[in-house]
Amino acid sequence: MPAIGLLSRTIAALVFGVASTGAAAQNYPNKPIRLIVPFAVGGSVDSVARLAALKLGERLGGQVVVENRGGAGGNIGTQTVVSAPNDGYTLLWGVASNIAINASMYKSLPYDVRTALDPIALVAQVPNLLLISKTIPARTIDEFIAYAKAHPGLSFASAGVGSTGHLTSELFRAEAGLDMLHVPYKGTALAYPDLITGRVAMMSDGVTSPLAKGDKVRALAVSAAKRSALVPEVPTMLEAGIKGAVVNAWMGILAPAGAPREVVTRINAAINEILKDPAVLQNLAQIGAEPMGGTPDSFRAFVDTEIERWRTVVRKLDIQAD
């Protein structure tokens, strides 16, 4: 009898636990949800995150509050989410750098994103532009490569070690066989004056860069597989003969590992619906972002592929951040 009693209590506890989880999911959200963006305010990453937070809150019938926690290439904000309760009320805005690239760039990360986080939804991706200073007499990729080979030691800027802009430039430099010096800045905006004046020769920045449409620098190529509607006159890297530098700064939402499956499913469904909204699609198009979507499982597979891709690149180029 005692054994039967124990079994009954165990079954009851399991049933109660499942029922409680289901009830919690049905009532979700009953308080504000935090969306941690592990980068500073401004730029396409933050813009898309805020748009997603606003629309997600509307879909879920609650409030999604964006918190910018920059530092250490996105690792500080990522750690905040990894350490948070897995109840669905703290989410991470994950991008290519803090999720896929940093896994190989940093040797001492206190977490493994593949086991510490649950991917929920891939939201969008934004390609980079290869920009050069107008002080350099080159109008095409081929002309710039010829100039750079004749002037070894030219420098290129980035928003920091491990950023997609940094890796785009590194891949281009390596494939073109150029001897160039990397100069990391604390944000692309700080590098703009030096690029304009020619103190640095080149930089990869998002297609939403304020320099993209102006006449202060020259855009040579876009890093996507197809041209961007924002700068349709700029050829792709592939068109320019640079096959190994197709890079997109993708963005998505993740949660601490073990988040309730019902909550993950609700958020994923909401994001996929949001990405069908004509107003959202128009807003994304205005900042050069391509909508993505898909299931949590497809996002997990995508993350795994990206981690392995960048591991190979980082090892090949021998780049480390710490």
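Contact here means heavy atoms within 4.5 Å. With that in hand, here are some close-up views of this predicted model.

**View 1. Thr236 sits in the loop between β8 (217-222) and β9 (248-256).** Setting aside neighbours within four places in sequence, Thr236 is in contact with Ala221, Val222, Ala224, Ala225, Lys226 and Arg227. Is Thr236 buried or exposed? Thr236 counts as buried, because its relative accessibility is 2% and buried means under 20%.

**View 2. Helix α2 covers residues 43-60.** From first C-alpha to last, the 18 residues of α2 reach 26 Å, close to the 26 Å expected at 1.5 Å a residue. The buried residues of this helix include Val45, Val48, Leu51, Leu56 and Leu60, and also Asp46 and Lys55. Ser47 has its place in α2 too, but Ser47 is partly exposed, with a relative accessible area of 36%. Look across from Ser47 to Leu284: the two are 237 residues apart along the chain, yet their C-alpha atoms are separated by 9.2 Å. Just after α2 comes Gly61, with a positive phi of about 75°.

**View 3. Helix α2 packs with helix α9 (residues 261-274).** The angle between the two helices is about 115°, and their axes are 10 Å apart. Their crossing is right-handed. Which residues of α2 meet α9? They are Ala52, Lys55, Leu56, Arg59 and Leu60, and on the α9 side they meet Arg266, Ile267, Ala270, Ile271, Glu273 and Ile274. Sorted by class, this contact holds seven nonpolar and four charged residues, with no polar ones.

**View 4. The largest nonpolar core has 53 residues.** Leu56, Trp93, Ile267 and Ile271 are the residues with the most contacts inside this core. Helix α2 gives the core its largest share, eight residues. Take a moment with Ile271: leaving out residues up to four places away in sequence, Ile271 touches Leu56, Ala121, Val123 and Ile253. A second, separate core has 49 residues, among them Ala96, Leu130, Ala138 and Phe156.

**View 5. His166 has its place in helix α7 (residues 164-176).** His166 counts as buried, at 1% relative accessibility. Not counting residues up to four places away in sequence, the ones that His166 touches are Phe156, Ser158, Gly160, Val161, His182 and Ile319. Asp205 is also worth finding in this view: His166 and Asp205 are 39 residues apart in sequence and 8.8 Å apart in space, C-alpha to C-alpha.

**View 6. Some backbone angles here deserve a second look.** Most residues other than glycine have a negative phi, and most peptide bonds are trans. The peptide bond from Tyr28 to Pro29, however, is cis, with omega near -5°. Pro29 belongs to the loop between α1 (2-26) and β1 (33-37). Ala72 lies in the loop between β2 (64-68) and α3 (75-82), and its phi is positive, near 55°. Ala72 is partly exposed, with a relative accessible area of 41%. Asp318, in the segment after α11 (296-317), likewise has a positive phi, near 55°. Asp318 is exposed, because its relative accessible area is 64% and exposed means over 50%.

Conventions
Residues numbered from 1 in each chain as written. Predicted model: local features only at pLDDT ≥ 70, side-chain atom pairs only at ≥ 80, totals over all residues. Heavy atoms only, no water. Helix = DSSP H or I, 4+ residues; strand = E, 2+ residues; numbered from the N terminus. Expected span 1.5 Å × (residues − 1). Buried < 20%, exposed > 50% of the residue type's maximum accessible area, 1.4 Å probe, protein only. Axes fitted to C-alpha atoms, helices over the stretch in contact; angles between N-to-C directions. Left-handed = near helix turned anticlockwise from the far one by under 90°. Nonpolar A, V, L, I, M, F, W, Y, C, P; charged D, E, K, R; others polar. Core = buried A, V, L, I, M, F, W, Y, C linked by side-chain atoms within 4.5 Å.
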